[in-house]
Amino acid sequence: MDVKARIQKLRELMAENGIDAYIVSNSDPHQSEYMAEHWKVRSWISGFTGSNGTVVVTKDDAGLWTDGRYYIQAEKQLSGSGIRLFKAAEPNVPSYVEWISDTLKEGSYVGFDGWVFSTNIAKEMEKNFKQKGMEINKDINLLDHIWEDRPKVSTKPAFNHDGKFAGKTTLEKLTEVRREMKKKSVDYYLISSLDDIAWLFNIRGSDVRNNPVVASYALISMEYAYLFIDTKKAPQEVQKSLEDNKVEVKDYENILLELRKLDNNKRILLDPNRTSIKVYCAIPSNCVKIEETDITTNLKALKNDIEIESLKRCQVRDGVAMVKFLYWLYSNIGKERITETSSTEKLEGFRREQEYFVEPSFNTIAAYKDHAAMMHYNAYENEKCELKAEGLFLVDSGGQYFDGTTDITRTMVLGSISKEEKEDFTLVLKAHIALCKAKFLYGATGSNLDILARQPLWERGIDYKCGTGHGVGFFLNVHEGPQRFHQIQNNARLEKGMIITNEPGIYREDKHGIRTENTLLVVEDELTEFGQFMKFEVISLCPIDLEGIDTNLLTEKEIEWLNEYHKNVYTTVSPYLNQQEDAWLKNATREL
């Protein structure tokens, strides 16, 4: 059944149920950015595979809303489907809520599955649609009746995350959570976010590819801590560890029942962006709902000393894998057949040789030439793309290790490149260095610093339609809040111990895409009469291709930074290489 047939089936069910517009999102009951195949309903109904996007289907129209990272990809994947693309980040483009409000008549019905829409989004829709005299049915799941071969939910068991990596016990973390609950004068704390729960209870799982989490909810009071999980996925050693840390395990399906039993007039804290409207509505109406960012989100963003030291060791091994991959690539390009997909598998193979490796931290983006203009390109949709000894090749990849999560991008010069490509490569490097070198007063946010990376590009009339960097979990999700580098205002201060990526880029449709990404650790700099100053420590270890650089565009300070970075890469990584790899790395990190 192709996309057009799926849309038609959906419209037939909408008509049977009196629904005038149906909203489909790629989300799960925990509002995860990445989710199991079972929950990828928007991808199935539309054919668009990007991580961000919402589809709206009416009786005679259909649209997809997504952000600037996916415009090129969406246009290609929606071609011939009958679904229109709405470029959500562009000026004067209505949101899907505004579009529905403007399109449907008074008295119309809008439907969606309340399990997979956040409280905040559902409330916004309800407010807007009521103003237009429309009704909402948030308890209708039509896709289950169409998607006949829908993948099953995982039954793989959870496992304990060793304390020698985690740095703190579950009980210690619960004590910190309760301390924050007391400050906020709340009686209960509900957690729906899977990575927050995994961090708090020191468990990991395999429910979501590349994200070591397990489907679960948590409910914390001053007296008890409940973990709601499929008990078949909680082996004895996990349950024993939880019990030792004063945690009671309850069945996943009982979350709504337990919430309905809460005492009236009590105060409960929850994150409305991570809690589904279905779960929210189970809380007694007389309870006072404190809607804030998860307590655990802020706590887990500040890596403890053991996590930081573990992650630094992890970055060394990941750097070794990257260097071995680069040596293999440069040694064999033009001599044997190498494709985007075979290079992806080769890089994963080098990572699998490293201690504590579990799986990639996301689907590797291996994009040759114009493919790299699509920020989240999938090589497996074009498996025959062969690399030649010419042009640029972008690889954005990372690993999940027991002692950390990595994320790094390098753009490689495989042979002759144009003047524009070389200039763009150098401008991206200038943007990257500007942020790496930042010294800032404590209290600054990623939004305050984002302009440092964009300025070298803005001076040439160039921009990229995404953020500059994101937080990274610790053997958890590769995208983690609350910190990020982005033009959109973010109130999360950059605190000592936070991990964040630095990844500016230039993307020219039908030409090339260039990105240079390292992971940074926020550390303290000097304390003066004006306050505490902060800076970044680069913890990724991999050479930046010198063949792509026009040194005439770099300042002396930028060249000095690059030379120092490369010196550190060589000194740290070379002891783990063979003679040929060492010789290659020495040349790749030579001084400019």
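Student: Where is the place of Q31 in this model?
Tutor: The model is a predicted one. Two elements flank Q31, namely β1 (21-25) and α2 (41-46). The place of Q31 is in the loop between β1 and α2.

Student: What is the phi of Q31?
Tutor: Q31 is not a glycine. Even so, its phi is positive. The value is about 55 degrees.

Student: Does Q31 count as buried or exposed?
Tutor: The cut-off for buried is under 20% relative accessible area. Q31 has a relative accessibility of 13%, so Q31 counts as buried.

Student: Where is F475, and what is its phi?
Tutor: F475 has its place in the loop between β22 (469-471) and β23. F475 is a residue other than glycine, and its phi is positive. That phi is near 50 degrees.

Student: Is F475 buried or exposed?
Tutor: Buried means under 20% relative accessible area. The relative accessible area of F475 is 0%, and therefore F475 is buried.

Student: Which strand holds P482, and what form does the peptide bond from G481 to P482 take?
Tutor: P482 lies in strand β23, which covers residues 480-485. For the bond from G481 to P482, omega is near 5 degrees. The form of this bond is cis.

Student: How many helices and strands are in the protein?
Tutor: The loops and strands above belong to a chain with both kinds of element. The count is 18 helices and 28 strands.

Student: Why does the radius of gyration agree with a compact globule?
Tutor: The protein has 592 residues, and a compact globule with that number would have a radius of gyration near 25 Å. The C-alpha trace spans about 65 × 55 × 50 Å along its principal axes. The radius of gyration agrees with the globule because the protein has 25 Å.

Student: What share of the contacts with a separation of 6 or more comes from residues 24 or more positions apart?
Tutor: A contact here is a pair with heavy atoms within 4.5 Å. Of the contacts with a separation of 6 or more, residues 24 or more positions apart account for 69%.

Student: Which helix gives the most to the largest nonpolar core?
Tutor: The largest nonpolar core has 71 residues, and F325 and L329 are among those with the most contacts inside it. One helix, residues 305-332, gives nine residues to this core. That helix is α13.

Student: Which residues does F325 contact, leaving aside neighbours within four places in sequence?
Tutor: F325 is one of the residues with the most contacts inside the largest core. With its sequence neighbours set aside, F325 is in contact with S343, L347, F350, V395 and M412.

Student: How far apart in space are A431 and E503, C-alpha to C-alpha?
Tutor: A431 is in helix α15, residues 419-436. Along the sequence, A431 and E503 are 72 residues apart. In space, the two C-alpha atoms are 8.8 Å apart.

Student: Is H566 buried or exposed, and which residues does it touch beyond four places in sequence?
Tutor: H566 is found in helix α17, residues 556-573. Its relative accessible area is 0%, so H566 is buried. Not counting residues up to four places away, H566 touches P543, I544, L546, A588 and T589.

Note on methods:
Residues numbered from 1 in each chain as written. Predicted model: local features only at pLDDT ≥ 70, side-chain atom pairs only at ≥ 80, totals over all residues. Heavy atoms only, no water. Helix = DSSP H or I, 4+ residues; strand = E, 2+ residues; numbered from the N terminus. Rg over C-alpha atoms; globule rule 2.2 N^0.38 Å. Core = buried A, V, L, I, M, F, W, Y, C linked by side-chain atoms within 4.5 Å. Buried < 20%, exposed > 50% of the residue type's maximum accessible area, 1.4 Å probe, protein only.
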